[in-house]
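This report describes the fold of a single protein chain, with attention to its nonpolar cores, selected buried residues and helix packing.

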Amino acid sequence: MFVRYPKFIISLFVILSITGTYLATQRVQFEFDFEQFFPAGDEDLKFFLEFKERFEPDDNFLLVGIHREKGVFEQDFLERVLDFSLKVRHIEFEAPNHLDSIDHKIYRPSINDQGDSIVMMRPILSAQSLLQVEYPIKNPFTGFSTIPAIHLEDTSRYEKDRQKILADERLVDNFISEDAKTLVVVLKTVDNIEQQAASLMISQVKALLQEYQFNDHHLLGRSFFQTEIVKLQIKEFILSTIVSFFLVFVVMLFLFRRLWGIVVALVSIVVGLLMFVGMLGVFARTLDTMALLYPIIMIIVATSDVIHVMSKYIDELQKGQSKFDAIQTTIREIGMSIFLTSTTTAVGFLSLVTSRLIPIQQFGINAAIGVMIAYISVVIFTTTILALFQKEQIIKLNEKPSIWVTWMEWVYQITQTHTRPILAGFVVLVVVCLIGVSKITTNTQFIKILPKGAEVTKDFLFFEREFSGFRPFEIAVSIQGDYDANDFEVIQEIDKIEQHFKQYPAVKSMSSITGLYKTIHQAYHSNKATAFKLPETEQEFKKYQKLAKRMSKNSNFGILVSKDKKHTRISAKVLDIGADNINKIRAESKQWISQHIDSTIIQTRSTGTGIIIDKNSSYIRDSLLQGLLFAILVISCLVAFIYKNIKMLLITLIPNLLPLLIAAAILGFADIPLEAGVAIVFAIIFGIAIDDTIHLLSKFKLTKDKGYDTEAAIRITLLETGKAICLTTVILFFGFLSLLMSVNPPAITIGILISSTLISALVCDLLIIPIMLRKWMG
């Protein structure tokens with residue numbers, strides 16, 4: 001047996017742990033990318049990618065909100081905003097990654113201080129603010145000219161400029177807030193900016209804001225989300241590791257009451273964790289927002305295995321066996337049981353591969369591998385370490401009956417004398433849970449997944465409150481027949497759609513090709529605010545067409561109209577009112593468009609990052625059911641193969657379906673939307689909850705095989721295995737409850753759901769299983 005070669009085994013695991021630590025520090029990275037949460041293979045995603053190729057992405061921006069409580073119309077403040085918007089375009093830094101080819105709009109060759117050739121990156125392609133906005137105006141003598149939106153040098157005109165600007169729908173909620181206390185500088189950034197480059201850019205933007213003494217500033221954009229959330233990921237990963245480890249230490253202290261017993265348990269857990277992060281390093285895994293669950297899962301699962309092994313080992317020692325005989329008995333009776341429970345837990349995590357969301361798939365695979373690493377570490381390393389110590393060093397031998405024996409004896413008596421009340425209580429609980437399940441929604445909101453109290457969340461709320469929010473709202477327009485984007489009929493149809501969407505208060509900051517013709521019409525009418533509309537006649541419209549084509553060459557017209565003039569877009573922002581509410585707007589608008597828009601002129605389709613992320617809700621529901629069915633099927637096959645008894649299979653499954661119902665009911669009653677992060681709860685609950693059931697039934701089967709009758713086998717099972725499953729549940733409960741310390745709302749939800757439902761799983765095991773065993777195995 002391997003325990004007879006302790007030096008080799010211990011040296012091997014120490015080498016694996018050191019190697020794992022090194023690989024993790026070199027190859028494991030944290031990242032956050034919205035596109036990771038796009039459902040692979042989706043038709044809407046395919047259309048959106050084509051839309052991006054035709055135009056531009058809808059998330060390549062960084063909004064810089066600069067607030068002045070006394071109002072923005074103050075000359076020194078406005079001059080500093082203008083200088084900032086001009087200077088921020090020239091931010092650059094050494095390109096963080098190797099480049100095979102250089103786009104000279106973004107990169108430029110340079111020489112560093114050591115004389116080495118390097119490539120400098122310019123992440124900001126353009127910067128636009130209210131100070132750079134100009135109005136075209138028709139002059140009868142000189143033709144067209146422009147006037148600034150703000151006459152910066154003439155303070156006497158500020159009030160008139162203010163009134164005009166606040167009456168302009170193009171500027172309010174885009175460049176200036178309705179109360180005129182905040183200006184926004186819109187930075188166009190490199191498409192799909194990578195994490196390291198985004199972090200460098202944000203740090204330099206913040207430094208420049210401090211240089212101009214803009215202390216009250218707010219940022220919003222993909223790059224800012226990436227940078228801030230990754231910082232929180234690293235912080236929470238470390239915090240969750242420390243908290244979980246401390247929790248295990250406290251539990252072990254009360255459990256073993258011997259220093260070396262605690263050391264053996266903790267070292268085993270640490271070795272498993274280091275081997276796990278080494279695995280992440282071997283495969284160069286990237287860690288996302290769900291990574292903070294890894295240390296908790298590894299520590300808690302390993303602790304559960306350690307407790308079962310050491311509890312059995314202690315029981316055998318107290319029976320008077322030698323330490324080697326006790327270890328052999330432990331491996332023989334508990335090793336297979338732990339292997340089965342580890343396998344079922346791993347299957348629960350692997351059920352997540354049915355999801356179409358890549359991060360959830362990767363989480364499931366990583367967690368499943370981690371569970372099996374914990375099993376190997378405990379069964380081989382822990383038992384080998386135990387062989388090096390005398391039994392008095394591991395436990396405090398006590399001839400008095402344990403309090404656990406008293407408690408388990410009480411549970412045994414309850415299941416004998418109160419069968420009907422127990423069953424009635426569970427029936428009532430199932431009915432209540434079904435009511436809660438019916439209340440589950442998928443009305444996900446960004447604000448509900450952002451970290452509480454973090455800078456990124458405060459800035460998000462600021463833009464939601466003062467401007468038009470963050471979520472892009474895109475309508476792709478395909479022009480039919482011989483029409484093109486500059487035809488009068490096309491412009492009229494697009495304007496109808498815009499006017500329709502304006503009835504929804506949540507939809508703001510709309511822009512399309514119609515804005516160009518409305519601006520020209522306004523210029524022809526002395527730049528009056530009331531003249532910002534389309535011309536009423538085709539004759540007047542055609543007078544504007546040549547000028548529109550000339551103006552479009554000198555503007556960002558390409559982001560609105562394709563080169564062949566057969567595709568255009570209506571871009572807007574929508575407030576964070578929830579996925580279901582936004583989908584309702586889309587559904588109502590789709591019906592309205594089918595009734596009021598001439599499909600022989602244009603056809604439309606909703607698109608954008610917002611709609612793709614929102615579609616995750618339906619995929620989550622589908623993949624959740626598929627994953628659970630997959631897990632139940634595989635685990636059923638494993639249990640059926642081991643026990644070879646259909647009744648034992650039913651006894652295994654029935655008590656573990658109720659915790660799933662309880663978790664779902666909590667979501668419904670607490671009005672917590674079912675989103676990607678929360679969906680993994682069900683796989684974790686089923687995979688972990690069924691472990692205790694298997695431990696109980698394995699012990700029951702072993703006892704029956706020794707010749708005991710059913711009633712005696714039930715009593716022995718509760719007295720000997722009940723203690724271990726109670727201890728492991730307590731550790732699991734507090735381990736996942738430690739997620740309440742997180743600032744990440746989905747993590748808090750996961751902690752509450754798992755902790756509460758694991759307690760219910762324990763109650764089911766202790767009360768329902770004995771009743772079913774008497775009924776079906778008597």
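## Nonpolar cores and helix packing

In this predicted model, the largest nonpolar core comprises 129 residues, and those with the most contacts inside it are Phe682, Phe736 and Leu773. The greatest contribution to this core comes from helix 23 (residues 745-777), which supplies 16 residues. A second, separate core contains 65 residues, among them Leu78, Val88, Ala180 and Leu209. In soluble globular proteins, nonpolar side chains tend to be buried together.

Phenylalanine 736 illustrates the surroundings of one of the residues named for the largest core. Apart from residues up to four places away in sequence, Phe736 touches Ile296, Ile297, Ile300, Ile684, Ile688, Gly751, Ile754, Ser755 and Leu758.

The chain as a whole provides the setting for these cores. Its secondary structure consists of 23 helices and 15 strands. Taken along the principal axes, the C-alpha atoms fill a box of roughly 110 × 65 × 45 Å. Of the 778 residues in the chain, 56% are buried. Among contacts with a separation of 6 or more, 80% are between residues 24 or more positions apart.

Valine 678 is located in helix 21 (residues 676-705). Its relative accessibility is 1%; because the cut-off for burial is under 20%, valine 678 counts as buried. Outside the residues up to four places away in sequence, Val678 touches Leu667, Pro673, Thr749, Ile750 and Leu753. For one of these partners, Thr749, the C-alpha atom is separated from that of Val678 by 7.0 Å, although the two residues are 71 residues apart along the chain.

Two helix pairs are set out below.

| Helix pair | Axes come within | Crossing angle |
|---|---|---|
| Helix 8 (residues 293-318) and helix 9 (residues 323-350) | 9 Å | roughly 155 degrees |
| Helix 15 (residues 488-501) and helix 18 (residues 579-596) | 11 Å | roughly 145 degrees |

How are helix 8 and helix 9 oriented to each other? Their axes cross at roughly 155 degrees, and angles over 145 degrees count as roughly antiparallel; the two helices are therefore roughly antiparallel to each other. The crossing of helix 8 and helix 9 is right-handed. On the helix 8 side, the contact is made by Ile297, Asp305, His308, Val309, Lys312, Tyr313, Glu316 and Leu317, while helix 9 provides Lys323, Ala326, Ile327, Thr329, Thr330, Glu333, Ile334, Ile338, Ser342 and Phe349. By residue class, this contact has nine nonpolar, four polar and five charged members. Ile297 of helix 8, listed in this contact, is also one of the residues touched by Phe736.

Serine 342, a residue of helix 9, is buried, with a relative accessible area of 3%. Leaving aside neighbours within four places in sequence, Ser342 is in contact with Asp305, Val371, Met372 and Tyr375. Of these partners, Asp305 belongs to the helix 8 side of the contact between helix 8 and helix 9.

Helix 15 and helix 18 form a crossing that is right-handed. In this pair, Glu493, Lys496, Ile497, His500 and Phe501 of helix 15 meet Ile585, Ser589, Trp592, Ile593 and His596 of helix 18. The residues of the contact between helix 15 and helix 18 comprise five nonpolar, three polar and two charged.

How values were computed. Residues are numbered from 1 along each chain as its sequence is written. This is a predicted model: local features need pLDDT of at least 70, side-chain atom pairs count only at pLDDT 80 or more; totals for chains, interfaces and linings use all residues. Side-chain values use heavy atoms; hydrogens and water are left out. Axes are lines fitted to C-alpha atoms, for helices over the stretch in contact, and angles run from 0 to 180 degrees between N-to-C directions. Helices (H or I, at least four residues) and strands (E, at least two) are DSSP runs, numbered from the N terminus. Angles under 35 degrees count as roughly parallel, over 145 as roughly antiparallel, 65 to 115 as roughly perpendicular and the rest as oblique. A crossing is left-handed if the near helix is turned anticlockwise from the far one by less than a right angle, and right-handed if clockwise. Contact means heavy atoms within 4.5 Å. Ala, Val, Leu, Ile, Met, Phe, Trp, Tyr, Cys and Pro count as nonpolar, Asp, Glu, Lys and Arg as charged, and the others, Gly among them, as polar. A nonpolar core is a set of buried Ala, Val, Leu, Ile, Met, Phe, Trp, Tyr and Cys residues joined through side-chain atoms within 4.5 Å. Buried means under 20% relative accessible area, exposed over 50%, partly exposed in between (1.4 Å probe, protein chains only).
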